[in-house]
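Please walk me through this structure in plain terms. I am new to it and would like to know how its parts fit together.

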Amino acid sequence: LNALFSTATETRLQAGAAGARSPREPPARPSRGAEQIGYYDLCFVGVFFSSWDETHFGKMGSYYINRTFFFDVHPPLGKMLIGLAGYLSGYDGTFPFQKPGDRYEQHNYIGMRGFCAFLGSCLVPFAYLTVLELSKSLPAALLAAFILIFDTGCITLSQYILLDPILMFFLMAAVLSMVKCNSCADRPFSASWWLWLSLTGVSLAGAMGVKFVGLFVVLLVGLNTVYDLWDLLGNLSLSLVMFGKHLLARVLCLIVLPLALYTAIFAVHFAVLNRSGPGDGFFSSAFQSQLIGNNLHNVSVPEHLAYGSVVTMKNLRMAGGYLHSHWHLYPEGIGARQQQVTAYLHKDLNNLWIIKKHDSDTDLSDPSSPVEFVRHGDIIRLEHKETSRNLHSHQHEAPLTRKHFQVTGYGINGTGDSNDFWRIEVVGRKTGKLIKVLRSQVRLTHVATGCILGSSGKTLPKWGWEQVEVTCTPYLKETPNSLWNFEDHINPKLPNISLDVLKPSFAEILLESHMVMIRGNSGLKPKDNEVTSKPWHWPINYQGLRFSGVNETDYRVYLLGNPVIWWLNLVTIGLYLLITVCTAVALKRGVQLTSELKELSRVVLRAGGQITLGWLLHYLPFFMMGRVLYFHHYFPAMLFSSMLTGITWDAVLKFCAGFLSPSTTARRVYGGGFLALVLLILYSFYLFHPLSYGMIGPMASNPSSPMAGLRWMDSWEF
């Protein structure tokens, strides 16, 4: 509805705003303090301004439209779909997506937001159908649906260009398909059974193709499948041949099909992004040689390294970066105050180095001087081309890595000292052998200390421009961190060879891309003054996330779950555990239950158990993650807790009504309880809907703000 309303009124709003203000000026407002804004104002927020992670994923959608290669820590499906939605709706991929709050002006972004809003809205019928299938109760399904419809957090996430609604769409589709397939267990190998089993596999591929946390729903479906197969194995009326058919069907639909689709996603990804872009430097030289516009594409370079050559050196560690230096010095207290040497992930003139002899200052660029090749075991100097300082190391400690030595740029116009000497060695080669560009894996051993040049993979603070630390390690263990290859090679005195021989296979590209993504995920650490959160914050709705706007004059959207809904979900989890224990004890003690209570117990234990397992699998793993975490990471788990709320409260109300007679009284108690929950949800949405639709005026911490009374926790910053 947000997307449809924004689209329908876009022309009217733009016409009314065009003549009244400059493009960057906020819209004129009547003097009404910080009054909550309505649907008209919602359209200003939704139509004109980019917000939060739209600057990332909207930009990546543009990259697909422009076929420009980029790197992201997530698999590509979500961004591909965003780009496709933009392309089909007429977006040309030219909006820069530089920072939140930038005005979209004439750029047609509505298709991308509308696509995400549509997938986000699908969560409601998916949850409804899942709960209805599990509990066979219409009120339980309706309650779960109401919770998702009126949750401010789900609305906020769904109305922007983000991966979260796409991920949750495939996640819920997988759960619904799994539940539907289970309901067809009495007619295996029927058309509907095959349909739902296949859709489960397709949805799993989709969830994994958007974010790696899709693994959690893969694990949920896997555990459900193991349980089903174990149950079938215990069915003595089922022959082993038939059991084998069941096993084979699940292998085909839940393993082979998802893997094939997941692989196809990457095949399309690499086929579309065939032009050089900001992601080149994260990948190997061989991969980069395939990208149109990359300096390695369809070029020829001298094959063997020679003295006087200008080169770039790339670390073989995934996303290890290029050996780099710049004029900035290490700060006081960080080793010697000499020129910084780092590893940089992007192409740059400061990545260029000149190979020189350690004991000669002869001008090797002179065309009349003879060519002298660099050989395995030679002692060389590397002079930084832009600053004319030599690659240098000494026994000062490295900035971040303990017991490693600092690496610096030292000297004036190439004149330094003996700490500038490095022995170049090729892995698996003998002394005297020539060194090949791109193909030879080399290590540089510092002659004076015996340490080896390497990239630690750690990100330097702001004084190091958040580039990667380069150290000299005294530990001689051979790892990709300490191995390099020469990529660019400029020497006019040498003949060139084509780089086509380096073309990697698709399997190699697929493996490399996953290694880079995994390493990129593990390297995501919180930056200075960045608002992050901890997993225990999430279920209690402890802290939200600013989506757009900071000042009182800005339209501010704040990601926070509807507090009443989230706290109801939290209470329900505890209530469900209590009910489960009581039910299990009653059944164990042989308490005689009526048929209605037996059915209720089945729903609580079986259906509620499946949903609770889904919540645990999508929540507990975050406690073990070392990467930076944000509030929105909890929303997949929140979907499960919302469905559990519908199932649990339906069971509680039915249980209470079961003790009452006549039946009319029982129905009134049940209906009254259900109505009270729905009205509570509706009223809480009425109170907190400005968080999703936009606010202006004083912050809620200001007593004069109309939102001040809704700041129930000091950690809420709306």
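A salt bridge, as the term is used here, is a side-chain nitrogen of Lys or Arg within 4 Å of a carboxyl oxygen of Asp or Glu. The side chains of aspartate 650 and lysine 654 meet this condition, with an N to O distance of 3.3 Å. The model that shows this pair is a predicted one.

Both partners belong to helix H17, which covers residues 635-658. Because aspartate 650 and lysine 654 are four residues apart in that helix, about one helical turn separates them. An α-helix has 3.6 residues a turn, so residues three or four places apart point the same way. The two partners can also be described by their accessibility. Aspartate 650 is buried, at a relative accessible area of 6%, whereas lysine 654 is partly exposed, at 34%.

This pair belongs to a longer list, as the structure holds 13 salt bridges. One of them joins the side chains of arginine 113 and glutamate 54, at 2.7 Å from N to O. This bridge links distant parts of the chain: arginine 113 sits in helix H5 (residues 110-121) and glutamate 54 in helix H3 (residues 54-66), with their positions 59 residues apart. Arginine 113 counts as buried because its relative accessibility is 4%, under the 20% limit that defines the term. Glutamate 54 has a relative accessibility of 0% and is therefore buried too.

Another salt bridge is made by the side chains of glutamate 383 and lysine 356, at 2.8 Å from N to O. Here strands are linked: glutamate 383 is in strand E6 (residues 379-384), lysine 356 is in strand E5 (residues 353-357), and the two are 27 residues apart. Glutamate 383 is buried at 6% relative accessibility, while lysine 356, with a relative accessible area of 22%, is partly exposed. Salt bridges can also form a network, as they do among Glu133, Lys136 and Lys180.

The next topic is the cysteines. How many disulfides does a search of the whole structure find? It finds one. Cysteine 451 and cysteine 472 form it, and their sulfur atoms lie 1.9 Å apart. The link is right-handed, with 95° about the S-S bond. It connects distant parts of the chain, 21 residues apart: cysteine 451 is in the loop between strand E10 (442-446) and strand E11 (452-459), and cysteine 472 is in strand E12 (residues 468-473). Cysteine 451 and cysteine 472 are both buried. Cysteine 184, by contrast, is in no disulfide; the nearest cysteine sulfur belongs to cysteine 181 and is 6.4 Å away. A disulfide would require the two sulfur atoms to be within 2.5 Å. Cysteine 184 is buried, with a relative accessible area of 2%.

Two helices show how parts of the chain pack together. Helix H11 (residues 215-233) has 19 residues, and its first and last C-alpha atoms are 26 Å apart, close to the 27 Å expected at 1.5 Å a residue. Its buried residues include Phe216, Val217, Leu220 and Val221, along with the polar names Asn224, Thr225 and Asp228. Which helices do the buried residues of H11 pack against? They pack against helix H9 (164-183), helix H10 (191-210), H12, helix H16 (595-617) and H17. H17 is the helix that holds aspartate 650 and lysine 654.

Helix H15 (residues 563-588) has 26 residues, which should span 38 Å at 1.5 Å a residue, and its end C-alpha atoms are indeed 38 Å apart. Among its buried residues are Pro563, Trp566, Leu568, Asn569 and Tyr576. The cover over the buried residues of H15 includes helix H7 (138-149), H16, H17 and helix H18 (663-688). Just after H15, glycine 590 takes a positive phi of about 75°.

The surface has a feature of its own. Leu248, Leu252, Ile255, Val256 and Leu259 make a nonpolar surface patch of about 450 Å². Leucine 248 lies in helix H12, which covers residues 240-272.

Last, the chain as a whole. The protein chain has 19 helices and 16 strands. Of its 718 residues, 54% count as buried. Among contacts with a separation of 6 or more, 75% are between residues 24 or more positions apart. The protein chain exposes about 31400 Å², and carbon and sulfur atoms supply 62% of that area.

Note on methods
Residues are numbered from 1 along each chain as its sequence is written. This is a predicted model: local features need pLDDT of at least 70, side-chain atom pairs count only at pLDDT 80 or more; totals for chains, interfaces and linings use all residues. Side-chain values use heavy atoms; hydrogens and water are left out. Buried means under 20% relative accessible area, exposed over 50%, partly exposed in between (1.4 Å probe, protein chains only). Patches are made of residues with over 30% relative accessible area and no salt bridge: like charges are joined within 9 Å, nonpolar side chains (Val, Leu, Ile, Met, Phe, Trp, Tyr) within 5 Å. Accessible areas come from the Shrake-Rupley method with a 1.4 Å probe; for residues, only the protein chains shown count as cover. The expected span of a helix is 1.5 Å times one less than its number of residues. Contact means heavy atoms within 4.5 Å.
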